[in-house]
Amino acid sequence: MKITDVRVILTCPGRNYVFVRVETDVPGIYGIGEGTVNGSEPVVAAAIQHFTPLLIGRDPHRIEDIWQLLYRHSYWRGGPIFAAAQAAIDIALWDIKGKVAGLPVYQLLGGKARDYVTCYSHASGRDPIETEDSARALIARGFRVIRCQVGAYGGAGVLGSKPPVSASAPAEQVYEPTPYLVSVPKLFDHIRSALGMDIELFHDVHEQLNPIEAARLARDLEPYRLFFLEDPLMPEHRESWPLVRSASTTPLAIGEIFTSRWDCLPLFQNRWIDFIRIKPLHVGGLTEARKIMILAEPYNVRSAFHGAADIGPSAQAASVALQSVIPNFGVQEWTRFPDAVYDVVSGVCELKDGSIYPNEAPGFGIDIDLEKANAYPYQQAFMPIVRRQDGTMHVY
Ligand code: MG
């Protein structure tokens, strides 16, 4: 069996996604994969097109060998763009292997270690009462783990926005950490008195604090028994984890922008975190994400895979397959995709009562309607810019 082509599908059915279709010389057998990096989609597409000549003629069954080839060929290896481009191919190769075997990918990984993959979703509102209502609506839908916040990331610290400098630039958010730090414990004080202590609740800092602020927040939130505090620090602040860790018994989670095992390993070895937020999409694929979760297991680090709406259906299917089989599963983030995604992509993993289930079709069971994908062309978009009130870029 040989790879004959790699098609890159850059499409915007409500938001931008980078999908691939790895073609083979066996009629009807192709693999669907995904390499979306929010705000940098055309760059990933170019990376995939750049290394496609390295793949033509190779046996798609040799997944580990192709992983090593794509990781090492460039010499300047790694980083989010190459990791996502590599993930797109890796996910597609697992899809091909499943289709040839006639089995869903989770079976190739050893079979299910649980009956369903518990998800969390997001409760938010303009104030704690609206956030409570939003959480109650999620509970009514069956969710048992809920992320809570007021407003956007930065909550009460978001003081407004400045208009974009040009038509193609994003608006610039104005943020101050102090009102944010003061407001979050009040939110959890309200929600816990309204909903009790039994439901699993947590909060996402989204890396908007510096280390001493993060340590204080973890301590201030300790009475509210968080499931975890998400991304209290930027990955660059690795040496400050002991400060945050020693401040409280609030469990800690990080990793949604990690791109390799080398980002994760020191945090495992030093026992600084409780949950790792990687997912196959941004660490080079299912092959590497599986290894990272095996590395995490003896350190009691559980998964909390990132699942924002920019982690599209193909990448989500790879996450769900892995989350179905690992022993050290924690939770899976779930966000509904824009409606048009369900028109372009078939076989999206089903959500039921706050849990997600892998597709039982061979491979990942995902397919892309190429004509429909073409009908939603890429729309230029960037990640938000955050500044302090005085105009300084927010450095945290
Ligand atoms: Mg997050």
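This is a short conversation about reading the metal site, the core and the domain contact in a predicted model.

Trainee: Let's start with the metal. Which residues coordinate the magnesium ion?

Mentor: Look for the donor atoms around the ion. Here D204 (OD), E230 (OE) and E256 (OE) coordinate magnesium at 2.0 to 2.4 Å. Along the sequence, these donors follow the spacing D-x25-E-x25-E. E230 sits in strand β9 (residues 229–230), while E256 lies in the loop between β10 (252–254) and α9 (261–269), 26 residues apart.

Trainee: Is E230 buried or exposed?

Mentor: Buried means under 20% relative accessible area. E230 has 0% relative accessibility, so it counts as buried. E256 is at 8%, so E256 counts as buried too.

Trainee: Now the core. What should I look for there?

Mentor: In soluble globular proteins, nonpolar side chains tend to be buried together. The largest nonpolar core in this model has 114 residues, and I48, I89, I278 and F364 have the most contacts inside it. Helix α3 (residues 80–101) supplies the largest share, 10 residues. Both domain 1 (3–103) and domain 2 (108–361 + 383–387) contribute at least three residues each. I48 touches several residues, including V6, V18, A85 and I89.

Trainee: How many residues does each domain bring to the contact between them?

Mentor: The C-alpha centres of domain 1 and domain 2 are 26 Å apart, and the contact takes 31 residues from domain 1 and 30 from domain 2. Together the two domains bury about 2300 Å², 65% of it on carbon and sulfur atoms. On the domain 1 side, P13, W67 and W94 lose the most area, together 23% of what that side buries.

Trainee: How many salt bridges cross that interface?

Mentor: The rule finds one between domain 1 and domain 2.

Key: Residues are numbered from 1 along each chain as its sequence is written. This is a predicted model: local features need pLDDT of at least 70, side-chain atom pairs count only at pLDDT 80 or more; totals for chains, interfaces and linings use all residues. Side-chain values use heavy atoms; hydrogens and water are left out. Donors are N, O and S atoms within 2.8 Å of the metal (3.2 Å for Na, K and Ca); water is not among the atoms, so sites may look incomplete. Helices (H or I, at least four residues) and strands (E, at least two) are DSSP runs, numbered from the N terminus. Buried means under 20% relative accessible area, exposed over 50%, partly exposed in between (1.4 Å probe, protein chains only). A nonpolar core is a set of buried Ala, Val, Leu, Ile, Met, Phe, Trp, Tyr and Cys residues joined through side-chain atoms within 4.5 Å. Domain bounds come from an automatic or database domain assignment. Contact means heavy atoms within 4.5 Å. Buried area is the accessible area (1.4 Å probe) that two parts lose on being put together, summed over both. A salt bridge is a side-chain nitrogen of Lys or Arg within 4 Å of a carboxyl oxygen of Asp or Glu. Lists of a residue's contacts leave out its neighbours within four places in sequence.
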